[in-house]
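I opened a fresh page for this structure and wrote down what I looked up, entry by entry.

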Amino acid sequence: MEAKNKIARLLNNLREKNPLVHHITNYVTVNDCANITLAIGGAPVMADDINEVRDMVTLASALVINIGTLNSRTVESMLVAGQRANELGIPVILDPVGAGATPYRTDIARIVMENVKLAVIRGNLSEIKTLYGVNTLTKGVDSSEDISAKSDALIEAKNLAKSFARKLNTVIAITGAVDIITDGERMFTVENGHKIMSKITGTGCMCTSLIGSFLGVSEDYALAALAGIAAMGISGEIAYESLSSLEGTGTLKCRIIDTIYNLNEDTIMKRGRINEE
Amino acid sequence: MEAKNKIARLLNNLREKNPLVHHITNYVTVNDCANITLAIGGAPVMADDINEVRDMVTLASALVINIGTLNSRTVESMLVAGQRANELGIPVILDPVGAGATPYRTDIARIVMENVKLAVIRGNLSEIKTLYGVNTLTKGVDSSEDISAKSDALIEAKNLAKSFARKLNTVIAITGAVDIITDGERMFTVENGHKIMSKITGTGCMCTSLIGSFLGVSEDYALAALAGIAAMGISGEIAYESLSSLEGTGTLKCRIIDTIYNLNEDTIMKRGRINEE
Amino acid sequence: MEAKNKIARLLNNLREKNPLVHHITNYVTVNDCANITLAIGGAPVMADDINEVRDMVTLASALVINIGTLNSRTVESMLVAGQRANELGIPVILDPVGAGATPYRTDIARIVMENVKLAVIRGNLSEIKTLYGVNTLTKGVDSSEDISAKSDALIEAKNLAKSFARKLNTVIAITGAVDIITDGERMFTVENGHKIMSKITGTGCMCTSLIGSFLGVSEDYALAALAGIAAMGISGEIAYESLSSLEGTGTLKCRIIDTIYNLNEDTIMKRGRINEE
């Protein structure tokens with residue numbers, strides 16, 4: 001079965017099962033993450049206190065760890081919840097927001113990576129390079145590098161992702177102009193999306209929440225990552241195309257959530273620009 | 001005078017007096033709570049630091065305590081602010097978000113309930129059952145149960161609400177497909193709203209903020225709760241009806257706030273589906 | 001060159017250079033601040049942990065300190081980041097949200113003001129009066145006073161702003177029905193905007209973020225403040241004019257961000273109501 005068909009089937013599962021997706025995340029994009037999780041069919045719960053994260057994650061089908069506005073209080077909760085999720089076989093996704101920008105951020109991302117078995121790591125190229133130990137530059141929380149189709153940088157990034165995925169036995173997802181998803185064996189690329197998406201805060205975080213939602217109904221973690229990333233890209237480009245000349249990034253954010261809410265098999269089949277090597 | 005007329009009159013009062021509504025609330029839906037408070041005519045202030053909550057609540061006409069993303073730092077502030085509000089006769093509303101999901105959340109909701117005299121408690125059926133001490137299941141922060149019109153569950157929920165309201169001498173408001181509001185004597189039900197509202201995060205929190213705003217101008221706490229719940233339900237259904245086939249939950253949230261902003265006596269009289277027993 | 005031409009040129013610079021704007025801000029309006037910073041052409045980063053703020057601000061072109069939901073943890077970060085910014089010559093803007101409402105808030109705003117060299121302070125009249133030491137009343141986080149065109153209050157406010165700016169050797173910006181911007185020598189007023197903007201939370205915070213973005217590309221701090229304030233006012237009135245009779249403050253917020261995203265030289269030249277004395 002083609003990847004797009006599998007994604008469509010997974011979306012139907014997700015909408016039927018409404019998996020609880022526990023987020024320990026940042027206070028910048030948390031509302032958008034909750035709303036996009038609901039829009040795709042998941043049930044988000046945001047809880048970060050050390051006194052309840054063990055109990056909360058026990059109820060969940062997936063755990064999202066996002067270090068966007070990390071602080072010492074929530075970092076401890078991330079580790080406790082992540083380890084409990086591991087004990088219970090609940091998949092965990094890490095979004096290492098801004099890794100590479102400051103030593104603290106890099107350290108925390110690495111500590112999470114070393115102490116929690118991760119199903120997926122999703123980041124931009126700078127963040128993933130940083131975690132892998134390659135020198136790079138993160139501009140605040142945005143990547144300083146990007147990958148275009150058919151470039152040498154793309155080949156290099158694929159190799160890095162594959163090698164990282166094998167080393168950690170996890171799925172590595174690098175999002176950018178071209179998205180790369182690999183479990184170390186299979187290699188997928190997605191060419192959906194539009195560059196205007198980088199002009200909204202949280203498109204990366206929302207993408208991670210979508211993957212978290214798909215993880216809640218899929219044992220194939222690479223497929224879950226692919227589904228989340230394709231859903232985000234497809235919705236982003238539909239939302240962009242819907243904008244009138246007077247509309248801009250304020251409206252765009254609403255439309256992305258609208259489009260995720262209305263996403264269906266037809267749209268995925270028609271729009272998806274997915275390659276599997 | 002009919003309930004709907006009283007609500008319309010209260011709305012006019014609210015828009016004239018712009019009461020300050022102090023919120024100690026979660027970081028997921030806080031922006032929406034502030035905006036809906038402004039849209040209905042209140043003046044929101046969000047402040048949770050122990051060093052200022054006593055002073056802030058002193059300026060306020062109502063206090064909203066919402067445990068959506070509770071942590072030990074803010075719990076202390078909730079108690080201090082709540083007790084200060086009690087001393088000054090300022091009405092306090094509790095939103096026990098997710099009570100029942102984790103022991104910590106349940107404990108904190110109970111501690112607030114036992115240490116602060118509450119004007120209103122608003123929650124979904126699972127949350128209210130949990131606080132009342134009945135076994136139930138809370139799925140994350142969403143109710144695992146719901147009430148439909150004319151069902152046995154509705155009769156049972158009404159009895160529970162009435163008994164709880166009498167025991168605590170407070171107003172109990174249970175929101176769901178049918179909303180129940182009672183002060184232990186009067187019993188109101190509201191049948192406005194649409195199920196799509198549960199696909200946006202924070203419709204419950206926003207409803208609590210609306211009630212908080214009405215509490216700022218009403219000594220009849222049951223009426224304030226009824227007004228907030230009816231306003232939310234009416235706006236939700238108008239917002240839903242306004243959606244085109246390409247729009248979804250992203251646009252819906254904006255439209256709910258739009259509709260609250262434009263809400264007037266005519267709409268309440270025409271749309272309100274309120275019963276008093 | 002006329003002020004409006006200078007603003008237009010600065011906007012072009014901003015869109016070319018995408019300066020990193022480090023925010024230590026509140027959790028109520030943080031998402032809107034990030035999105036409006038992106039919309040005007042800046043690159044926002046929100047980071048408040050004491051372990052990383054020194055490193056993060058080092059990468060930035062401007063620092064925004066906003067005390068909207070201050071707490072002891074973030075206050076320390078504000079001081080550390082602010083002092084590091086001073087060492088590096090990175091401009092710092094303070095938004096003293098709610099100064100005057102509680103003693104704690106007033107104290108913290110003063111402590112920041114005394115320990116960090118500020119490029120700009122932007123607040124409403126109550127907040128600025130409080131910081132200057134004049135008796136006033138802050139209603140929650142909103143001004144209890146406002147200034148209309150050609151009033152005595154306007155003359156008084158201008159004098160206060162000028163005197164404060166000279167005393168502190170900073171730019172003072174008071175926003176209201178008429179906005180006042182002065183570095184103690186030059187005095188600008190802006191008469192753009194619409195009163196409906198006060199019915200959305202965060203228009204003040206977003207204005208501060210716009211100024212922060214312009215500070216990232218301008219050594220003339222008064223011009224940066226003027227540019228941010230004019231951009232906000234112009235966008236607010238365009239957004240307001242675009243509303244249909246069924247739309248309200250929910251849609252308005254999206255449209256303000258849309259309009260900032262689409263803002264260009266023509267709109268500034270045509271719409272700007274700026275006076276320089």
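My entries below go from the conventions to the chain symmetry, then to a helix pair and a single helix.

Conventions. I am reading a predicted model, in which local features need pLDDT of at least 70, side-chain atom pairs count only at pLDDT 80 or more, and totals for chains, interfaces and linings use all residues. I number residues from 1 along each chain as its sequence is written, letter chains from A and number ligands from 1 in the order in which they are written, and take side-chain values from heavy atoms, with hydrogens and water left out.

Symmetry. I looked up how chain C maps onto chain A, and found that a rotation of 120 degrees with 0.0 Å of shift along its axis superposes them, with an RMSD of 0.0 Å (least squares on the C-alpha atoms of residues with pLDDT of at least 70 in both). That is the relation of a three-fold axis. Within chain C, the residue closest to the rotation axis is C:Y27, whose C-alpha lies at 3.5 Å.

Helix pair. I then turned to α10(A) and α10(C), each covering residues 249-262, which pack at an angle of about 125 degrees with their axes 6 Å apart. The two helices are therefore oblique to each other (an angle neither under 35, nor over 145, nor from 65 to 115 degrees). In contact (heavy atoms within 4.5 Å) I noted, among others, A:C254 of α10(A) and C:Y261 of α10(C).

Single helix. Last, I checked α6(A), residues 125-132, where 7 of the 8 residues are buried (under 20% relative accessible area, 1.4 Å probe, protein chains only). After α6(A) comes A:G133, with a positive phi near 100 degrees.

Terms used. Axes are lines fitted to C-alpha atoms, for helices over the stretch in contact, and angles run from 0 to 180 degrees between N-to-C directions. Helices (H or I, at least four residues) and strands (E, at least two) are DSSP runs, numbered from the N terminus. Buried means under 20% relative accessible area, exposed over 50%, partly exposed in between (1.4 Å probe, protein chains only).
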